[in-house]
Amino acid sequence: MSNETTIDLACENISKHFSDFTAVDNISFTIPKGSFFSILGPSGCGKTTLLRMLAGFEQPSSGDILIKQKSMVDVPPNKRPVNMVFQHLALFPTMNVEENIGYGLRRQSVPKNEIVERVAAVLDRVGLAGSGTKRVEQLSGGQRQRIALARCLVLNPTLLLLDEPLGALDLKLREQMKIELKLLQKEFGTTFVYITHDQSEALVMSDQIAVMNKGKFEQVGTPHELYYQPATAFVAGFVGDSNRWQGNIESADSATVLVSTSDGLSFKAKIMGDEAMSAGNRVEIFVRPEAISVNRTAPSTATDNQLVCQVETILFDGAKSQIIAVEEESGGKITVTLPQTSDFANLQQGDTLYLNWSTEQTLCFIDSSRGA
Amino acid sequence: MSSLRVTSPFKLGLWLLLAPLCLWLVLLIILPHLELLVFSFTEPEDGSFTFGFYQEFFLEPLYWRTFVRTAVMSIMATILTLLIAFPVAFYIAKMLKGRSKGIVFAMCLIPFWVSELVRTFGWMILLRESGVISNFLQWSGMSAGPVELLYTDATIMLGLVYTSMLFMVVPLVSTLDSLDDSYIEAGYDLGGTNWNVLREIVIPHAVPGIVSGCIIVFMLSLGNYLTPVLLGGKDSLWFTEQIYTQFITRFNWEQGSAFGLLLLLLSSLIVWAGLKLSGQSFAKTMG
Amino acid sequence: MKKINTLSLAIVLASGLIATSAQAAEELRLLTWGGYAPKEVIDLFEKETGIKVKVTKSNNEEMISKLKATRGAGFDLAQPSQDRVASAQKAFNIYKPMDLSKIDNSQIIASMLAATKGQSTVDGEVYAVPHVWGSSGLIVNRATSADITDYTDLCNPAYAGKVTYRLKRPTLIAFAFAMGEDPFAAYSDVEKYTQIMEKVGAKLTECKANVKAYWSGGDALLNLMRSGETTAAMAWDAGGWKLNRDNADITFVAPKSGALGWIDTFVLPRKTKNEEGAYKWINFVMRPEIAAKITAAAGNFTASKGSDAFVDAKAKAQYQESFSASDIDNIKWYPPVPAGLEKIEGKILDRVKAS
């Protein structure tokens, strides 16, 4: 990956300031050829501005954008080897499917018969062979999605930018399109830059994800890394579901700390992040619901962290069902995954649960919300 | 039967609701036109039926030439207005945001706060031989003597375009406003130049606005009376002037009626031809 | 019997609506020329009689057209020129006979009253009494164009682009006289009249290059002359005198072939709603001191006996400068226009305009 020729996009210290705020704050990253790169962040984090700078619709205030080692800063959008799938797709309503897909080819003065061939070929590849003469409004949401992709992919761009294109679809179709997008990306081998606020989209499709917050990248890594080794409290909270407590460090050694939460619970946690920790620091700790082992009887061996709770609510959602449990003394709440074993088939409200998990799965970060 | 009973009160209500509109249509639009129609076919001496007043239009070259001239100049004024109004409308709809958009739009409206007569006199003050522009040209040494800018066909054109601008800008702004910026960006993103984007994305989208603006401006120019008469000077021949003359100075209502109906008919034909040429339907444009 | 047509009906309805809304105070709706009902006079009249005067400014053709459209309704008193009364009444039946007993004869110059009565009598009924009289002739800037003494001199190539006149029937008549014809004598002879008009039309077509613009309203004319864009015009005497007050070089000149004299009259529209008010107005404005105020506003003298005494000296001097005794004798007074002449003249005017 470090070989320079395989890098499609490199951003060097790019920033974008608007009159009263900084949308993108000194970001650098590289994207290797053929990968699916997602930028994940809440709305207003600057991801759209970043994408628009890549497309050329915004000029960076400082820094450089290199595509295949060529600076793009002075290249207008229509000259960049970059195409974009817009949030609402922006299929031209005055043109039919064929004309939409052929639009970019006509701009490159491709001969007419070749346009016809290439349009037919790309329609075939996205599974819509023969719908060239349809009008845009005759297509379903999923079909439009594929036409919007085909319209870009027919031009063989170095980089394909996608601006939350699945946002407008209903849930079922969105699940389906996630897989389809990933497969299409693999098939075409084009480098995708995908922005979204939906962590599940990012996790499913991406080779690499950058988590963005307040104009900066919090962490760049594989979905696995982000999920299991979040670099910051923001990433731990934003990617996947977690139980989250705030508390103070009682004691600390080189790798672990003992934290007493504001609920009055006490946990052993693993030190995460770059900052040093010592007794008295305010921290946040994160535990994933699925990392907690749930038993109806007290386990024989002791573990790092344990709690005895009563079932408050069962949130039934098939394989993703969860239990919200309450620790009696403190009243603190915790969410755990409902095990799909016969033991739990008749679980009732008020039943006692024994929860255990390891220090390794209890992630502790310095609480930054106070400083901010 | 039962369905009839259910719908008829509703229909009655609908008709009652439409009654003022129908009354207005019949009393103020249809009846006067029928009246004109009857007039135009009646010989005033003995009340008999005659085609003479229509014949007069086609046999007297002055009349149909005036009509052709009026139509051609109106078409030219329409095209010119479109060419000038389009960039203005695009600028208002797409380049300006928020308050400045409102301000520029209002600036387009301001000339219409005064009557057409006053606006036309304004132009006369500017353009006449002893007027502001002529004096400026002499003062600045660009011209040795007084320059007469009034009383030419170009002046008529200027007046017509100025008078019509708003009626082109408004429909254009509203259609261009409805064009999402992402279409334009997609047009560029896929490799289009300014011209490509304009030609393939902006104009096709704006066609309904262009056509309705053109119809309004064409009809306004064709039916204009003051501007051609005041700015045109001694050679200004405008068909509405003919109609006015027939009705008012000649007391020849029959000939005036025939001219009026011919104007209605021929201008409708031109609009129809324009719609056919641009592949639009009237309903689509006005809806 | 002419049946009521719907166009008229619509107009009557519309004007009826407007009229009813303002019925509260007694009102006199006056259809007249600019300057004939100055605000000062209206105010004095209202103070004396309590009648509000609503003025609509117009010209001969429009007055007749308006009354024709409404069959004589919408106004209580109108002021067409004397020559347009009898013919319009015969053709369109839009006026109501005058009750001369309600008019104070002693205030009106007897000879003018007699002349107007004579010309506006139809089937034994008198339809008009005189109000303002004046003439059309030449307005000349003597500093630059002193040699223009007759209408046809306006076509002198030396003044190319420097003259203006109206493209209307007075111009046709004036040029006919200047070309040695007598159009008034030919009024009843359609063939002869057409012939004269053809000749005049040819002359005006030839003369067109000389014309800066055909003026259409009094203000347009005054602007053209005042700014020096034109140095000679065929126009009304009052316009010339008005210009003369600002620029002594410009004045009204009675042409060699004779100024064209007109008398604007009072007539009652057939469906006048305030006949009494109309008579009151006529008697009021014919008082010498009131008539002098109208002379000051309109620039023309009235048929009011003794109003000369109240007219300012400058106006009298201007009048005397423009008209010698022989000029006054030479004034060609418009006789009543027979129906149908407008069509002959219209064709000629169209042709001149289109050439």
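Two strands are said to pair if DSSP finds at least two bridges between them, and helices (H or I, at least four residues) and strands (E, at least two) are DSSP runs numbered from the N terminus. The model on screen is predicted, so that local features need pLDDT of at least 70 and side-chain atom pairs count only at pLDDT 80 or more, while totals for chains, interfaces and linings use all residues. Residues are numbered from 1 along each chain as its sequence is written, chains are lettered from A and ligands numbered from 1 in the order in which they are written, and side-chain values use heavy atoms, with hydrogens and water left out.

**The chains together**

Begin with the chains coloured separately. Two pairs of chains touch, and of these the pair B and C has the most contacts, a contact meaning heavy atoms within 4.5 Å. Chains A and C, by comparison, do not touch, and their nearest C-alpha atoms are 47 Å apart.

**Chain A as a whole**

Select chain A, where eight helices and 20 strands are found, and whose C-alpha atoms fill a box of roughly 75 × 50 × 40 Å along the principal axes. Of its 372 residues, 50% are buried, where buried means under 20% relative accessible area, exposed over 50%, and partly exposed in between (1.4 Å probe, protein chains only). Among contacts between residues at least 6 apart in sequence, 67% join residues at least 24 apart. The accessible surface of chain A is about 17200 Å², with 48% of it belonging to carbon and sulfur atoms; the areas come from the Shrake-Rupley method with a 1.4 Å probe, and for residues only the protein chains shown count as cover.

**The six-stranded sheet**

Next select the open sheet of six strands in chain A, which has the order E6-E7-E8-E3-E9-E10 and mixed pairing. Strands E6 (82-85) and E10 (216-221) of chain A stand at its edges with a single partner strand each, so one side of each is left without a neighbour in the sheet. On average, neighbouring strands of this sheet are turned by 20° against each other, direction ignored; axes here are lines fitted to C-alpha atoms, for helices over the stretch in contact, and angles run from 0 to 180 degrees between N-to-C directions.

At the E6 edge, E6(A) pairs in the parallel sense with strand E7 (residues 159-163) of chain A over four bridges, and A:Met84 has A:Leu161 in E7(A) as its bridge partner. Now add the helices: H5 (residues 171-188) of chain A packs on the sheet, touching strand E3 (36-40), E7 and E8 of chain A, and its direction makes about 155° with that of E8(A). Helix H4 (residues 141-153) of chain A lies across E6, E7 and strand E8 (191-196) of chain A, and runs at about 175° to E6(A).

**The five-stranded sheet**

Move on to a second open sheet, in which five strands of chain A are arranged in the order E15-E19-E16-E17-E18 with antiparallel pairing. Its edge strands are E15 (293-295) and E18 (333-337) of chain A, each of which pairs on one side only, and the twist averages 40° from one strand to the next.

At one edge, E15(A) pairs in the antiparallel sense with strand E19 (residues 352-357) of chain A over three bridges, with A:Tyr354 in E19(A) as the bridge partner of A:Asn295. At the other edge, strand E17 (residues 322-327) of chain A runs antiparallel to E18(A), to which five bridges join it, and A:Gln322 stands opposite A:Thr337 in E18(A). E17(A) and E18(A) form a hairpin with five residues between them, and A:Gly331 in the turn has a positive phi of about 80°.

Show the side chains of E18(A): A:Ile334 and A:Val336 point to one face and are buried, while A:Lys333, A:Thr335 and A:Thr337 point to the other and are not buried.

**The strands around E11**

Select strand E11 (residues 243-252) of chain A, which pairs in the antiparallel sense with strand E14 (residues 282-287) of chain A over six bridges; here A:Arg244 stands opposite A:Phe286 in E14(A). E11(A) also pairs in the antiparallel sense with strand E12 (residues 256-261) of chain A over five bridges, and the two form a hairpin with three residues between them.

**A last stop in chain C**

Finally, select C:Ser304, in the loop between strand E13 (301-302) and helix H13 (313-322) of chain C. At 2% relative accessibility C:Ser304 counts as buried, and, not counting residues up to four places away in sequence, C:Ser304 touches C:Gln107, C:Ile109, C:Met286, C:Arg287, C:Pro288 and C:Ala291.
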